[in-house]
Amino acid sequence: MTVLRKLLVSATLLLAASAEAATCSASNPEDFTSFFGPFSTDQRFAADRTTFPLRTVRWTYGADKAGADASAPTVRSTSRAEFMRWKTIATLEKQGALTHRLKPSSTEDMAVELFQDGSDIEMSYRFSRHAGCWRFVQFEDRSL
């Protein structure tokens, strides 16, 4: 029974990979809005479309002893296992009354800013299109 289960799981993963390959390629580039819907609601899809280790930037704010701005980013790498514990963008939006806006920097690069008007919540998800498929490449949290 265990061998059969492993075969079924392997076949399912292979079909999923084939379906993804069929949906985007260099000759059939993926539309960002078509990609972002599943990315924002399905953590497994999001993980499959994330480049690991994921570059994660979190800002800390403050002043040094002389009163000068000592704000600085902390950069770290996030593993797939850690990422799987993150909330989806849709969950963050619902629970935190947040909204998002798309900020394209080119046809191959897109930022999604997650924020709440009138608050200090500001997060940025950066995506790049490689071989026609969108990939999540960096998370940045500038929230206070």
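## A hairpin to start with

Let's begin at a turn: 6 residues lie between the strands in the hairpin of strand 4 and strand 5, and there Gly118 takes a positive phi near 75°. Helices (H or I, at least four residues) and strands (E, at least two) are DSSP runs, numbered from the N terminus. Two strands count as paired if DSSP finds at least two bridges between them. Strand 4 and strand 5 run antiparallel and are joined by 7 bridges; the bridge partner of Leu114 is Met123 in strand 5.

A word on what you are looking at: this is a predicted model, in which local features need pLDDT of at least 70 and side-chain atom pairs count only at pLDDT 80 or more, while totals for chains, interfaces and linings use all residues. Residues are numbered from 1 along each chain as its sequence is written, and side-chain values use heavy atoms, with hydrogens and water left out.

## The sheet

Now step back to the whole sheet. It is open and made of 6 strands in the order 2-1-6-5-4-3, with mixed pairing. Strand 2 (72-78) and strand 3 stand at the edges with a single partner strand each, so one side of each has no neighbour in the sheet. On average, neighbouring strands are turned by 25° against each other, direction ignored. Strands of a sheet pair through backbone hydrogen bonds, either parallel or antiparallel.

At one edge, strand 1 (residues 50-60) and strand 2 run antiparallel with 7 bridges, and Arg55 stands opposite Ser77 in strand 2. At the other, strand 3 (residues 99-106) and strand 4 (residues 109-115) are also antiparallel, joined by 7 bridges. A hairpin of 2 residues links strand 3 to strand 4. Here Lys103 stands opposite Ala111, and Thr99 has Phe115 as its bridge partner.

## Helices and the core

Which strands does helix 5 lie across? Helix 5 (residues 89-96) lies across strand 3, strand 4 and strand 5, at about 25° to strand 4. Helix 2 lies across strand 1, strand 3, strand 4, strand 5 and strand 6, at about 125° to strand 5. For these angles, axes are lines fitted to C-alpha atoms, for helices over the stretch in contact, and angles run from 0 to 180 degrees between N-to-C directions. Contact means heavy atoms within 4.5 Å.

The largest nonpolar core (buried Ala, Val, Leu, Ile, Met, Phe, Trp, Tyr and Cys residues joined through side-chain atoms within 4.5 Å) has 19 residues. Helix 2 (32-41), helix 3 (43-48), strand 4, strand 5 (122-130) and strand 6 (133-141) each supply at least two of its residues, and the largest share, 4 residues, comes from helix 2. Phe127 is among those with the most contacts inside the core. Beyond four places in sequence, the contacts of Phe127 include Phe32, Phe35, Phe36 and Phe39. Buried means under 20% relative accessible area, exposed over 50%, and partly exposed in between (1.4 Å probe, protein chains only). In strand 4, 6 of the 7 residues are buried, so this strand is largely enclosed by the rest of the structure.

## An exposed loop residue

Ala26 lies in the loop between helix 1 (2-23) and helix 2. Is Ala26 buried or exposed? With 65% relative accessibility, Ala26 counts as exposed. Leaving out residues up to four places away in sequence, Ala26 touches Ala131 and Gly132. The C-alpha atoms of Ala26 and Gly132 are separated by 4.3 Å, although these residues are 106 residues apart along the chain.
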